[in-house]
Amino acid sequence: TAGLPHVIMRFFTVPSVKAARSSAGWALVFIAILYTTAPAVAAMARLNLYRAVEMTLNKGKEAIASFADGDEQRMMLMGLKRFTKYANLPNPIALRKVIAEKVIAENRYCF
């Protein structure tokens, strides 16, 4: 990670060697924070997407039921089901555990 271009360029943007070391150190600290929180952030994104698809499906069914009936309603519900299909259903309980473990490990809300 220390050899990435955005870290190396920090050496050319500061006036002294001491400042370059400090700048590179801070860059590495923030990169480490990013790398350690990425799995939990990914779990939150998957959980949010799962909940958003479910909410869209439920609200869509309510809306279609309120203004359509008969064959029109049946066709609209088929379209809704097709467009809100979620192929790789996540395990919401496991995702919540990943998020909770990260928060417990940090002993604070770290996102």
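Leaving aside its neighbours within four places in sequence, which residues is Ala68 in contact with? The legends below take that question first and then move through the predicted model.

**View 1. Ala68 sits in a loop between two helices.** Helix H2 spans residues 17-67, and helix H3 spans residues 70-83. Ala68 lies in the loop between them. Its contacts, apart from neighbours within four places in sequence, are Gln73 and Met76. Ala68 has a relative accessible area of 5%. That value is under 20%, so Ala68 counts as buried.

**View 2. The whole chain is built from helices, without strands.** There are four helices and zero strands. Read along the sequence, the pattern is α-α-α-α. The chain has 111 residues, and 22% of them count as buried. Now take contacts between residues at least 6 apart in sequence. Of these, 60% join residues at least 24 apart. The accessible surface of the chain is about 8,500 Å². Carbon and sulfur atoms account for 63% of that surface.

**View 3. Confidence varies along the predicted chain.** The average pLDDT of the chain is 85. A score of at least 70 is reached by 89% of the residues. Where is confidence lowest, and where is it highest? Helix H1, residues 5-8, has the lowest mean, at 64. Helix H3 has the highest, at 94.

**View 4. Four residues make a nonpolar patch on the surface.** The members are Trp26, Val29, Phe30 and Ile33. Together they have about 430 Å² of accessible area. One of them, Val29, is placed in helix H2. Is Val29 buried, partly exposed or exposed? Its relative accessible area is 38%, so Val29 is partly exposed. A patch residue needs over 30% relative accessible area, and Val29 passes that cut-off because its value is 38%.

**View 5. Asp71 and Arg74 pair up in helix H3.** The structure holds three salt bridges. One of them joins the side chains of Asp71 and Arg74, with an N to O distance of 3.8 Å. How far apart are Asp71 and Arg74 in helix H3? They are three residues apart, so about one helical turn separates them. Asp71 is exposed, because its relative accessible area is 56%. Arg74 has 45% relative accessibility, so Arg74 counts as partly exposed.

**View 6. Lys102 and Glu106 meet within helix H4.** Helix H4 covers residues 92-106. Lys102 and Glu106 both lie in this helix, four residues apart, about one turn of the helix. They form a salt bridge, and their closest N and O atoms are 3.1 Å apart. Is Lys102 buried or exposed? Its relative accessible area is 13%, so Lys102 is buried. Glu106 has a relative accessible area of 31%, so Glu106 is partly exposed.

**View 7. A network of salt bridges links three residues.** Which residues take part? They are Lys102, Glu106 and Arg108. Glu106 forms a salt bridge with Lys102. The side chain of Glu106 also meets that of Arg108 in a salt bridge, at 3.9 Å from N to O. A salt bridge needs nitrogen and oxygen within 4 Å, so the pair of Glu106 and Arg108 qualifies at 3.9 Å.

Note on methods
Residues are numbered from 1 along each chain as its sequence is written. This is a predicted model: local features need pLDDT of at least 70, side-chain atom pairs count only at pLDDT 80 or more; totals for chains, interfaces and linings use all residues. Side-chain values use heavy atoms; hydrogens and water are left out. Buried means under 20% relative accessible area, exposed over 50%, partly exposed in between (1.4 Å probe, protein chains only). Contact means heavy atoms within 4.5 Å. Accessible areas come from the Shrake-Rupley method with a 1.4 Å probe; for residues, only the protein chains shown count as cover. Patches are made of residues with over 30% relative accessible area and no salt bridge: like charges are joined within 9 Å, nonpolar side chains (Val, Leu, Ile, Met, Phe, Trp, Tyr) within 5 Å. pLDDT is the predictor's confidence in each residue, from 0 to 100.
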